[in-house]
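This report walks through one protein structure for a reader who has not met it before. Please keep the sequence and the structure in view while reading.

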Amino acid sequence: MVNAEFDTKWRQFLPRGEMKKDPYYGWKEKKKGGYITEIAFNSGVHVYFKTYAQDTQNLQSGTCDAIFADEELPMEH
C-alpha cells in the first residue's frame, strides 16, 4: 500500500526531470525490501513512510515536525 500511495499521491508533486537532481530541491526515494520507506531531499528534509502494521517500537522516532495519517490510529500508537 505504501508504494501505491507514493506512486499515485506523492510522486506527482515532486520535482521531475533535471530538477530531481537539483542540489537543493532534488530528492531520492529510499526502499527497503522493495517498499518505499523514505523520500530524502537534498535540502536535508526527510519524509518517512510508516505503517501501524509495524511493531509499535519500530514506529518511534527522534524529532518529529509533523505526523499525518489517512485514518484514525489505534490508541496504542
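Is glutamate 29 buried, partly exposed or exposed? The relative accessibility of glutamate 29 is 25%, so this residue counts as partly exposed. The cut-offs behind that wording are under 20% for buried and over 50% for exposed, with partly exposed in between. The model is a predicted one, and the values in this report are to be read with that in mind.

**Overall layout**

The protein contains one helix and three strands, and, read from the N terminus, these elements follow one another as α-β-β-β. Of the 77 residues in the protein, 16% are buried. The protein exposes about 6,500 Å², of which carbon and sulfur atoms supply 53%. Among the contacts in the protein with a separation of 6 or more, 20% are between residues 24 or more positions apart.

**The sheet and the helix**

The three strands make up an open sheet, with the order β1-β2-β3 and antiparallel pairing. Because β1 (27-32) and β3 (46-48) stand at the edges and each has a single partner strand, one side of each is left without a neighbour in the sheet. From one strand to the next, the twist averages 20°.

As general background, the strands of a sheet pair through backbone hydrogen bonds, in either a parallel or an antiparallel manner. Here, β1 and β2 run antiparallel and are joined by six bridges; within this pairing, lysine 31 has isoleucine 36 in β2 as its bridge partner. The two strands form a hairpin with two residues between them, and glycine 33 in the turn has a positive phi of about 65°.

Strand β2 (residues 35-41) is also joined to β3, in this case by three bridges, and these strands run antiparallel. In this second pairing, alanine 40 has histidine 46 in β3 as its bridge partner. Helix α1 (residues 2-10) packs on the sheet, where it touches β1, β2 and β3, and the direction of α1 makes about 45° with that of β2. The hairpin of β2 and β3 has four residues between the strands, and glycine 44 there takes a positive phi near 105°.

**Salt bridges**

The count of salt bridges comes to four, and three of them, listed below with the distance between the closest N and O atoms, involve residues that recur from one pair to another.

| Pair | N to O distance |
|---|---|
| Aspartate 7 and arginine 11 | 3.0 Å |
| Arginine 11 and glutamate 29 | 3.3 Å |
| Lysine 31 and glutamate 29 | 3.9 Å |

How exposed are the residues that take part? Aspartate 7 has a relative accessible area of 44% and is therefore partly exposed, and arginine 11, with a relative accessible area of 31%, is partly exposed as well. The pair of arginine 11 and glutamate 29 links distant parts of the chain, since arginine 11 lies in the loop between α1 and β1 while glutamate 29 belongs to strand β1, 18 residues apart. Lysine 31, at 51% relative accessibility, counts as exposed, because that value is over 50%. Through shared partners, the salt bridges join Asp7, Arg11, Glu29 and Lys31 into one network.

**A nonpolar patch on the surface**

Which residues make the nonpolar surface patch of about 350 Å²? The patch is made by Met19, Tyr24 and Tyr25. One of these, methionine 19, lies in the loop between α1 and β1, and its relative accessibility of 40% means that methionine 19 counts as partly exposed.

Conventions
Residues are numbered from 1 along each chain as its sequence is written. This is a predicted model: local features need pLDDT of at least 70, side-chain atom pairs count only at pLDDT 80 or more; totals for chains, interfaces and linings use all residues. Side-chain values use heavy atoms; hydrogens and water are left out. Two strands pair if DSSP finds at least two bridges between them. Axes are lines fitted to C-alpha atoms, for helices over the stretch in contact, and angles run from 0 to 180 degrees between N-to-C directions. Contact means heavy atoms within 4.5 Å. Patches are made of residues with over 30% relative accessible area and no salt bridge: like charges are joined within 9 Å, nonpolar side chains (Val, Leu, Ile, Met, Phe, Trp, Tyr) within 5 Å. Accessible areas come from the Shrake-Rupley method with a 1.4 Å probe; for residues, only the protein chains shown count as cover. A salt bridge is a side-chain nitrogen of Lys or Arg within 4 Å of a carboxyl oxygen of Asp or Glu. Buried means under 20% relative accessible area, exposed over 50%, partly exposed in between (1.4 Å probe, protein chains only).
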